[in-house]
Amino acid sequence: MIALRTDGLARRYRGAWALRDCTLAMPAGRVIALVGPNGAGKTTLLRLAAGLLTPTEGSVTVFGDSPTANTPEVLARVGFLAQDHPLYRHFTVADLLRFGRSCNPRFDQGLAEQRLAALDIPVNQRAGALSGGQQAQVALALALAKRPDLLLLDEPLASLDPVARREFQGALMGAVADTGMTVLFSSHAVHELERVCDHLVVLRHGRVALAGDIDDLLAEHRLLVGPRVEADVAGTVVEATHGGRQTTLLVRDGGGPVLPGWQTHPVSLEDLVLAYLRRDLARADA
Ligand SMILES: Nc1ncnc2c1ncn2[C@@H]1O[C@H](COP(=O)(O)OP(=O)(O)OP(=O)(O)O)[C@@H](O)[C@H]1O
């Protein structure tokens, strides 16, 4: 089943395109990472999926429905946590939990209370008096407790300490395993993705640079290491890097030279993502 589908999706802000020609099918029940440099269009895609923006061109559907339909069913199915994890600052944490429960039919109060107790976050404290990281944790607990079918998180790990990041990644994977929820989250922490995600979308300059199941993407790519070659290497070479005496080629689908003396190595997810992020878009289009 497809949780989130986009077809030729594009969004322009005044004169400038933030997202263009975006066609994706994100499978349900997965943890999906959305990666790209600053200004790549990640927040724009998440806001379109949450129904907070309307497309300039193309379409987006969540479990087959338009996210802007605003029916109680669609609103209950989609959860969105913005990058600055906004909370009502004058509400206590307990007020926020009550508010969450009254607005969301599936709200799992026990889950939220359990998470907050484990993190030593006092429920009688006003949200505005909590540290930045604690506020992020409260917002994440509310988002998880909503029990949406699709949870959209904009850089959820950014303000968490390393231990909290690891714990939250575990909680996300647990929620997916327990409920079949689909999670799409944007992140700059490329080195952490392999542990958490099974599907990947890389955006660059508002376009999809790479998308697919991580196992498939890793199987389709490999590194070829051989003596330094000066000439441009064409074909399915994603990236060529040259050291003093050797050249390393990242190739897709078995492409690249098969020459004596060259060695083949698997590629890590971090190196794969970084190669696509560095890649010249004009060449990618060609
Ligand atoms: N409300 C807006 N008005 C005008 N331009 C905008 C608006 N929101 C975003 N943009 C532009 O759209 C482009 C994509 O922005 P977006 O916030 O989607 O990127 P992002 O990948 O989430 O970036 P970051 O990693 O920095 O959060 C950027 O060039 C940005 O300047």
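# A tour from strand β10 to the ligand

Select H221 first: opposite H221 stands R252, a residue of strand β12. The model is a prediction, in which local features require pLDDT of at least 70 and side-chain atom pairs count only at pLDDT 80 or more, whereas totals for chains, interfaces and linings use all residues. Residue numbers start from 1 along each chain, following its sequence as written. Mean pLDDT for the protein chain is 89, and 93% of its residues reach 70 or more; pLDDT is the predictor's confidence in each residue, from 0 to 100. The ipTM is 0.97 and the pTM is 0.91.

## The antiparallel sheet

Extend the selection to the whole of β10 (residues 221-227) and β12 (residues 246-252), two antiparallel strands joined by 7 bridges. Helices (H or I, at least four residues) and strands (E, at least two) are DSSP runs, numbered from the N terminus. Two strands are said to pair if DSSP finds at least two bridges between them.

Next, add strand β13 (residues 263-265), which pairs with β10 in the antiparallel sense over 3 bridges. Here L224 lies opposite T264 of β13.

Now turn to β11, which pairs with β12 in the antiparallel sense over 5 bridges. These two strands make a hairpin with 3 residues between them. Two positions are useful for alignment: V237 has V251 of β12 as its bridge partner, and E239 stands opposite L250 of β12.

Displayed together, the 4 strands form an open sheet in the order β11-β12-β10-β13, with antiparallel pairing. Its edge strands are β11 (237-242) and β13, each of which pairs on one side only. On average, neighbouring strands of this sheet are turned by 20° against each other, direction ignored.

What lies across this sheet? Select helix α9 (residues 269-278), which lies across β10, β11 and β12 and runs at about 95° to β11. Angles run from 0 to 180 degrees between N-to-C directions, and axes are lines fitted to C-alpha atoms, for helices over the stretch in contact.

## The mixed sheet

Move to the other sheet on this tour, an open one of 6 strands in the order β5-β6-β7-β3-β8-β9, with mixed pairing. At its edges stand β5 (78-81) and β9 (207-213), each with a single partner strand, so one side of each has no neighbour in the sheet. The twist from one strand to the next averages 15°.

Select strand β3 (residues 31-35) and strand β7 (residues 182-186), which pair in the parallel sense over 4 bridges. L34 faces S186 of β7 in this pairing.

Then follow strand β8 (residues 199-204) to β9, its antiparallel partner over 6 bridges. H199 stands opposite D213 of β9. The two strands form a hairpin with 2 residues between them, and H205 in the turn has a positive phi of about 50°.

## Helices α5 and α6

Select α5, which packs on this sheet, touching β5 and β6 (150-154), with its direction at about 175° to that of β5. Contact between two residues requires their C-beta atoms, placed from the backbone, to lie within 7 Å.

Add helix α6 (residues 162-179): its axis and that of α5 (residues 132-145) come within 12 Å and cross at roughly 5°. The two helices are therefore roughly parallel to each other; angles under 35 degrees count as roughly parallel, over 145 as roughly antiparallel, 65 to 115 as roughly perpendicular and the rest as oblique. On the α5 side, G133, Q137, L140 and L144 make the contact, and on the α6 side A164, F168, A171 and A175 do. By class, this contact has 6 nonpolar, 2 polar and no charged residues. Ala, Val, Leu, Ile, Met, Phe, Trp, Tyr, Cys and Pro count as nonpolar, Asp, Glu, Lys and Arg as charged, and the others, Gly among them, as polar.

## The ligand

Finish at the ligand. Which residues surround the ligand? Select Y13, R14, A18, G36, N38, G39, A40, G41, K42, T43 and T44; a residue counts as near a molecule or strand if its C-beta atom, placed from the backbone, lies within 6 Å of it. Helix α1 (residues 42-49) supplies the largest share of this shell, 3 residues. The shell has 3 nonpolar, 6 polar and 2 charged residues.
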